[in-house]
Amino acid sequence: METARERKGKASAAGRVARLGMLLGVALVLYAVESLIPGPLPFMRIGLANIATVIALITLGLVDAVAVTVLRVIVASLVVGTFMGPGFGLAMAGGVAAALGMGIAARVALPPFSVVGLSIIGAALHNLAQLGVLAAFYTGPGPAARLLAPALLMAAATGLGTGLVARFALEKLGAIGP
Amino acid sequence: MVQRVRAPRETGGRRALVTFADRLVLYVLVGVALVLLLTGSVRTPGSSVRIEGADGFELVLPLDRPAVETVPGPLGPTLVEISDGTVRVLESSCPRGHCVRMGSIRTPGQTVVCVPNRVVVTIEGDAPPSVDATTR
(Lines give C-alpha, C1' and ligand atoms only; values in the text may rest on other atoms or scores of the structure.)
Protein backbone atom coordinates (compact mmCIF):
# COMPACT_ATOMS: atom_id res chain seq x y z
CA MET A 1 0.00 0.00 0.00
CA GLU A 2 1.23 3.45 -0.81
CA THR A 3 1.92 5.63 2.16
CA ALA A 4 0.19 8.94 2.66
CA ARG A 5 3.47 10.77 2.09
CA GLU A 6 3.90 9.18 -1.30
CA ARG A 7 0.33 9.97 -2.20
CA LYS A 8 0.39 13.53 -0.95
CA GLY A 9 0.41 15.97 -3.83
CA LYS A 10 -0.57 13.46 -6.44
CA ALA A 11 -3.75 12.17 -4.89
CA SER A 12 -6.66 12.31 -7.32
CA ALA A 13 -9.69 14.44 -6.69
CA ALA A 14 -11.66 11.30 -5.89
CA GLY A 15 -8.94 10.17 -3.51
CA ARG A 16 -9.02 13.48 -1.72
CA VAL A 17 -12.79 13.34 -1.36
CA ALA A 18 -12.50 9.79 -0.01
CA ARG A 19 -9.89 10.85 2.52
CA LEU A 20 -11.93 13.88 3.55
CA GLY A 21 -14.98 11.69 4.07
CA MET A 22 -13.03 9.16 6.07
CA LEU A 23 -11.48 11.83 8.29
CA LEU A 24 -14.90 13.44 8.77
CA GLY A 25 -16.19 10.03 9.88
CA VAL A 26 -13.27 9.65 12.28
CA ALA A 27 -13.90 13.14 13.65
CA LEU A 28 -17.59 12.39 14.22
CA VAL A 29 -16.87 9.08 15.96
CA LEU A 30 -14.31 10.77 18.21
CA TYR A 31 -16.84 13.53 18.93
CA ALA A 32 -19.48 10.93 19.83
CA VAL A 33 -17.07 9.07 22.11
CA GLU A 34 -16.06 12.30 23.77
CA SER A 35 -19.63 13.42 24.38
CA LEU A 36 -20.05 10.34 26.59
CA ILE A 37 -17.30 11.57 28.89
CA PRO A 38 -18.66 13.93 31.55
CA GLY A 39 -16.89 17.25 32.07
CA PRO A 40 -17.13 20.20 34.45
CA LEU A 41 -18.42 22.57 31.75
CA PRO A 42 -20.05 21.72 28.43
CA PHE A 43 -17.47 23.59 26.37
CA MET A 44 -14.41 22.33 28.24
CA ARG A 45 -13.64 19.14 26.42
CA ILE A 46 -10.75 16.87 25.67
CA GLY A 47 -10.84 17.75 21.99
CA LEU A 48 -10.51 14.22 20.63
CA ALA A 49 -12.05 15.37 17.35
CA ASN A 50 -9.02 17.63 16.92
CA ILE A 51 -7.00 14.48 16.21
CA ALA A 52 -8.83 14.17 12.91
CA THR A 53 -8.17 17.84 12.15
CA VAL A 54 -4.43 17.37 12.77
CA ILE A 55 -4.31 14.28 10.56
CA ALA A 56 -6.20 16.15 7.82
CA LEU A 57 -3.80 19.06 8.14
CA ILE A 58 -0.67 16.92 7.78
CA THR A 59 -1.93 14.53 5.10
CA LEU A 60 -4.17 16.85 3.06
CA GLY A 61 -3.44 20.47 3.95
CA LEU A 62 -4.92 23.56 5.58
CA VAL A 63 -8.06 23.91 3.47
CA ASP A 64 -9.07 20.31 4.00
CA ALA A 65 -8.35 20.52 7.73
CA VAL A 66 -10.73 23.48 8.00
CA ALA A 67 -13.27 21.59 5.87
CA VAL A 68 -13.14 18.52 8.13
CA THR A 69 -13.57 20.75 11.20
CA VAL A 70 -16.46 22.83 9.85
CA LEU A 71 -18.32 19.79 8.52
CA ARG A 72 -17.76 17.91 11.76
CA VAL A 73 -19.23 20.74 13.83
CA ILE A 74 -22.24 21.07 11.51
CA VAL A 75 -23.01 17.35 11.22
CA ALA A 76 -22.47 16.75 14.94
CA SER A 77 -24.79 19.61 15.87
CA LEU A 78 -27.45 18.34 13.46
CA VAL A 79 -27.30 14.89 15.04
CA VAL A 80 -27.32 16.13 18.63
CA GLY A 81 -29.87 18.87 17.91
CA THR A 82 -27.80 21.89 18.87
CA PHE A 83 -27.52 23.33 15.35
CA MET A 84 -27.40 27.14 15.58
CA GLY A 85 -27.68 26.92 19.37
CA PRO A 86 -25.22 28.62 21.74
CA GLY A 87 -22.99 25.56 21.85
CA PHE A 88 -22.86 25.50 18.06
CA GLY A 89 -21.31 28.96 17.84
CA LEU A 90 -18.79 28.10 20.49
CA ALA A 91 -17.84 24.83 18.82
CA MET A 92 -17.56 26.45 15.40
CA ALA A 93 -15.45 29.37 16.63
CA GLY A 94 -13.12 27.08 18.57
CA GLY A 95 -12.81 24.51 15.81
CA VAL A 96 -12.13 27.00 13.02
CA ALA A 97 -9.66 28.99 15.14
CA ALA A 98 -7.79 25.80 16.02
CA ALA A 99 -7.70 24.53 12.43
CA LEU A 100 -6.58 27.87 10.98
CA GLY A 101 -4.00 28.46 13.72
CA MET A 102 -2.53 24.98 13.37
CA GLY A 103 -2.51 25.33 9.59
CA ILE A 104 -0.56 28.58 9.74
CA ALA A 105 1.79 27.16 12.38
CA ALA A 106 2.34 24.08 10.22
CA ARG A 107 3.36 26.26 7.27
CA VAL A 108 5.73 28.59 9.08
CA ALA A 109 7.05 26.51 11.97
CA LEU A 110 6.66 22.79 11.48
CA PRO A 111 10.37 21.94 11.78
CA PRO A 112 10.81 23.48 15.24
CA PHE A 113 7.38 22.28 16.28
CA SER A 114 6.20 18.72 15.91
CA VAL A 115 2.61 17.58 15.53
CA VAL A 116 2.38 17.66 19.33
CA GLY A 117 3.28 21.36 19.42
CA LEU A 118 0.74 22.08 16.68
CA SER A 119 -1.93 20.30 18.68
CA ILE A 120 -1.12 22.28 21.82
CA ILE A 121 -1.33 25.54 19.83
CA GLY A 122 -4.62 24.36 18.35
CA ALA A 123 -6.06 23.47 21.75
CA ALA A 124 -5.06 26.86 23.17
CA LEU A 125 -6.57 28.72 20.21
CA HIS A 126 -9.73 26.59 20.46
CA ASN A 127 -10.28 27.54 24.08
CA LEU A 128 -9.29 31.18 23.56
CA ALA A 129 -11.70 31.55 20.65
CA GLN A 130 -14.48 29.99 22.71
CA LEU A 131 -13.83 32.38 25.58
CA GLY A 132 -13.80 35.23 23.05
CA VAL A 133 -17.23 34.25 21.77
CA LEU A 134 -18.42 33.74 25.34
CA ALA A 135 -17.22 37.23 26.30
CA ALA A 136 -18.64 38.87 23.18
CA PHE A 137 -22.09 37.29 23.09
CA TYR A 138 -23.00 35.56 26.35
CA THR A 139 -21.35 36.49 29.63
CA GLY A 140 -19.33 39.66 29.03
CA PRO A 141 -15.58 39.96 29.55
CA GLY A 142 -15.48 39.51 33.35
CA PRO A 143 -16.62 35.89 33.71
CA ALA A 144 -14.78 34.89 30.52
CA ALA A 145 -11.52 36.33 31.87
CA ARG A 146 -12.01 34.29 35.02
CA LEU A 147 -12.16 31.12 32.92
CA LEU A 148 -8.96 32.03 31.07
CA ALA A 149 -6.52 30.29 33.43
CA PRO A 150 -8.38 26.96 33.64
CA ALA A 151 -8.99 27.11 29.88
CA LEU A 152 -5.27 27.50 29.15
CA LEU A 153 -4.34 24.72 31.60
CA MET A 154 -6.92 22.44 30.01
CA ALA A 155 -5.56 23.32 26.58
CA ALA A 156 -2.00 22.45 27.60
CA ALA A 157 -3.06 19.07 28.93
CA THR A 158 -5.54 18.11 26.22
CA GLY A 159 -3.36 19.48 23.43
CA LEU A 160 -0.45 17.37 24.62
CA GLY A 161 -2.62 14.25 24.86
CA THR A 162 -4.40 14.58 21.53
CA GLY A 163 -1.15 15.68 19.87
CA LEU A 164 0.58 12.48 20.96
CA VAL A 165 -2.35 10.41 19.69
CA ALA A 166 -2.25 12.27 16.36
CA ARG A 167 1.50 11.70 16.14
CA PHE A 168 1.20 7.95 16.69
CA ALA A 169 -1.68 7.77 14.22
CA LEU A 170 0.32 9.68 11.59
CA GLU A 171 3.31 7.38 12.18
CA LYS A 172 1.12 4.35 11.58
CA LEU A 173 -0.29 5.98 8.48
CA GLY A 174 3.26 6.54 7.28
CA ALA A 175 2.71 10.27 6.97
CA ILE A 176 5.57 11.15 9.31
CA GLY A 177 8.73 9.29 10.33
CA PRO A 178 9.14 7.63 13.71
CA MET B 1 8.80 16.29 32.15
CA VAL B 2 10.76 13.20 31.39
CA GLN B 3 12.15 13.21 27.90
CA ARG B 4 11.38 9.98 26.16
CA VAL B 5 13.24 8.91 23.09
CA ARG B 6 11.68 6.60 20.59
CA ALA B 7 13.34 3.33 19.85
CA PRO B 8 15.18 3.35 16.53
CA ARG B 9 13.28 1.96 13.62
CA GLU B 10 14.46 1.20 10.07
CA THR B 11 16.88 4.08 9.65
CA GLY B 12 18.24 3.73 13.16
CA GLY B 13 17.51 7.42 13.75
CA ARG B 14 16.35 8.53 17.17
CA ARG B 15 13.77 11.25 17.51
CA ALA B 16 12.36 12.81 20.64
CA LEU B 17 8.66 12.28 21.22
CA VAL B 18 8.22 15.98 21.90
CA THR B 19 10.52 18.63 20.43
CA PHE B 20 12.06 21.54 22.31
CA ALA B 21 9.66 24.01 20.68
CA ASP B 22 6.72 21.81 21.67
CA ARG B 23 7.85 21.83 25.26
CA LEU B 24 8.47 25.57 25.16
CA VAL B 25 4.90 26.35 24.07
CA LEU B 26 3.60 23.93 26.70
CA TYR B 27 5.58 25.62 29.48
CA VAL B 28 4.60 29.11 28.31
CA LEU B 29 0.94 28.09 28.31
CA VAL B 30 1.09 26.57 31.80
CA GLY B 31 3.14 29.55 33.03
CA VAL B 32 0.64 32.11 31.75
CA ALA B 33 -2.21 30.08 33.25
CA LEU B 34 -0.48 29.89 36.63
CA VAL B 35 0.24 33.65 36.65
CA LEU B 36 -3.42 34.30 35.79
CA LEU B 37 -4.55 31.94 38.54
CA LEU B 38 -2.34 33.63 41.13
CA THR B 39 -3.32 37.18 40.19
CA GLY B 40 -6.97 36.23 39.72
CA SER B 41 -7.33 34.60 43.10
CA VAL B 42 -6.64 37.92 44.85
CA ARG B 43 -10.12 39.08 43.97
CA THR B 44 -12.90 38.06 46.30
CA PRO B 45 -15.58 35.78 44.88
CA GLY B 46 -18.38 38.17 45.76
CA SER B 47 -17.94 41.87 46.25
CA SER B 48 -21.12 43.20 47.80
CA VAL B 49 -24.36 42.24 49.50
CA ARG B 50 -27.72 43.69 48.54
CA ILE B 51 -30.36 43.57 51.26
CA GLU B 52 -33.89 44.43 50.24
CA GLY B 53 -36.84 44.77 52.58
CA ALA B 54 -40.43 45.90 52.62
CA ASP B 55 -41.46 49.42 51.55
CA GLY B 56 -38.43 49.97 49.33
CA PHE B 57 -35.82 49.30 52.01
CA GLU B 58 -32.52 48.71 50.27
CA LEU B 59 -28.96 48.41 51.50
CA VAL B 60 -25.76 47.52 49.63
CA LEU B 61 -22.83 46.54 51.86
CA PRO B 62 -19.32 45.26 51.15
CA LEU B 63 -18.94 41.55 51.76
CA ASP B 64 -15.52 41.84 53.37
CA ARG B 65 -16.57 44.01 56.32
CA PRO B 66 -18.29 42.20 59.22
CA ALA B 67 -21.61 43.74 60.18
CA VAL B 68 -25.01 42.93 61.60
CA GLU B 69 -27.88 44.82 60.02
CA THR B 70 -31.43 45.06 61.26
CA VAL B 71 -33.99 45.02 58.47
CA PRO B 72 -37.50 46.17 59.38
CA GLY B 73 -40.31 44.01 58.08
CA PRO B 74 -44.09 43.71 58.47
CA LEU B 75 -43.64 41.00 61.13
CA GLY B 76 -40.76 42.67 62.96
CA PRO B 77 -36.99 42.96 62.61
CA THR B 78 -34.80 40.54 60.61
CA LEU B 79 -31.13 40.41 61.57
CA VAL B 80 -28.67 39.88 58.70
CA GLU B 81 -25.07 39.08 59.58
CA ILE B 82 -22.01 39.56 57.33
CA SER B 83 -18.87 37.77 58.48
CA ASP B 84 -15.87 36.06 56.85
CA GLY B 85 -17.14 36.92 53.37
CA THR B 86 -20.45 35.15 53.95
CA VAL B 87 -23.94 36.37 54.69
CA ARG B 88 -26.72 34.76 56.67
CA VAL B 89 -29.96 35.64 58.36
CA LEU B 90 -29.16 35.53 62.04
CA GLU B 91 -32.63 36.03 63.46
CA SER B 92 -36.01 36.69 61.98
CA SER B 93 -39.46 37.48 63.22
CA CYS B 94 -41.07 35.18 60.69
CA PRO B 95 -43.04 32.16 61.98
CA ARG B 96 -41.08 29.31 60.35
CA GLY B 97 -37.54 30.63 60.14
CA HIS B 98 -36.69 29.12 56.79
CA CYS B 99 -34.41 32.08 56.07
CA VAL B 100 -32.33 31.37 59.17
CA ARG B 101 -32.09 27.67 58.29
CA MET B 102 -30.90 28.48 54.75
CA GLY B 103 -27.54 29.20 56.34
CA SER B 104 -24.67 31.20 54.83
CA ILE B 105 -24.16 32.24 51.22
CA ARG B 106 -20.95 33.49 49.61
CA THR B 107 -20.96 33.36 45.81
CA PRO B 108 -22.51 35.94 43.47
CA GLY B 109 -26.08 35.17 42.47
CA GLN B 110 -26.88 33.29 45.67
CA THR B 111 -29.83 34.53 47.68
CA VAL B 112 -31.50 34.08 51.03
CA VAL B 113 -35.16 35.00 51.02
CA CYS B 114 -37.62 35.52 53.85
CA VAL B 115 -41.01 35.60 52.20
CA PRO B 116 -43.19 36.35 55.27
CA ASN B 117 -41.02 39.29 56.34
CA ARG B 118 -40.32 40.53 52.75
CA VAL B 119 -36.51 40.33 53.01
CA VAL B 120 -34.21 39.37 50.12
CA VAL B 121 -30.46 39.05 50.61
CA THR B 122 -28.42 38.74 47.39
CA ILE B 123 -24.68 38.54 46.80
CA GLU B 124 -23.53 40.66 43.87
CA GLY B 125 -20.30 40.48 41.93
CA ASP B 126 -18.98 39.81 38.46
CA ALA B 127 -17.90 36.21 39.03
CA PRO B 128 -19.82 33.75 36.88
CA PRO B 129 -22.94 32.55 38.68
CA SER B 130 -22.79 28.89 39.57
CA VAL B 131 -24.39 26.51 37.11
CA ASP B 132 -27.79 25.03 37.96
CA ALA B 133 -27.90 22.63 35.05
CA THR B 134 -26.32 22.00 31.69
CA THR B 135 -27.78 20.68 28.49
CA ARG B 136 -26.14 19.57 25.30
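Two strands pair if DSSP finds at least two bridges between them. With that in hand, let's explore this predicted model.

**Exercise 1.** Find how strands β4(B) and β5(B) are joined, and look at the turn that links them.

*Solution.* Start with strand β4 (residues 76-83) of chain B and strand β5 (residues 86-92) of chain B: six bridges join them, and the two run antiparallel. Next, go to S83(B), which stands opposite T86(B) in β5(B). Finally, step into the hairpin itself, where two residues lie between the strands. One of them, D84(B), takes a positive phi near 55°.

**Exercise 2.** Describe the make-up of chain A, in secondary structure and in burial.

*Solution.* Count the elements: chain A has eight helices and zero strands. Reading from the N terminus, the order is α-α-α-α-α-α-α-α. Now turn to burial: 43% of the 178 residues of chain A count as buried. As for contacts in chain A with a separation of 6 or more, 74% come from residues 24 or more positions apart.

**Exercise 3.** Work out how α3(A) and α6(A) are oriented to each other, and which residues make their contact.

*Solution.* First, take the geometry: helix α3 (residues 49-59) and helix α6 (residues 115-138), both of chain A, pack at about 125°, with axes 11 Å apart. Angles of 65 to 115 degrees count as roughly perpendicular and those over 145 as roughly antiparallel. The two helices are therefore oblique to each other. Next, the handedness: α3(A) passes α6(A) in a right-handed crossing. On the α3(A) side, N50(A), V54(A) and I58(A) make the contact, while α6(A) brings V115(A), L118(A), S119(A), G122(A) and A123(A). Sorted by class, this contact holds five nonpolar, three polar and no charged residues.

Conventions. Residues are numbered from 1 along each chain as its sequence is written. Chains are lettered from A and ligands numbered from 1 in the order in which they are written. This is a predicted model: local features need pLDDT of at least 70, side-chain atom pairs count only at pLDDT 80 or more; totals for chains, interfaces and linings use all residues. Axes are lines fitted to C-alpha atoms, for helices over the stretch in contact, and angles run from 0 to 180 degrees between N-to-C directions. Helices (H or I, at least four residues) and strands (E, at least two) are DSSP runs, numbered from the N terminus. Angles under 35 degrees count as roughly parallel, over 145 as roughly antiparallel, 65 to 115 as roughly perpendicular and the rest as oblique. A crossing is left-handed if the near helix is turned anticlockwise from the far one by less than a right angle, and right-handed if clockwise. Two residues are in contact if their C-beta atoms, placed from the backbone, lie within 7 Å. Ala, Val, Leu, Ile, Met, Phe, Trp, Tyr, Cys and Pro count as nonpolar, Asp, Glu, Lys and Arg as charged, and the others, Gly among them, as polar. A residue is buried if 20 or more other C-beta atoms lie within 10 Å of its own, exposed if 12 or fewer, and partly exposed in between; C-beta atoms are placed from the backbone.
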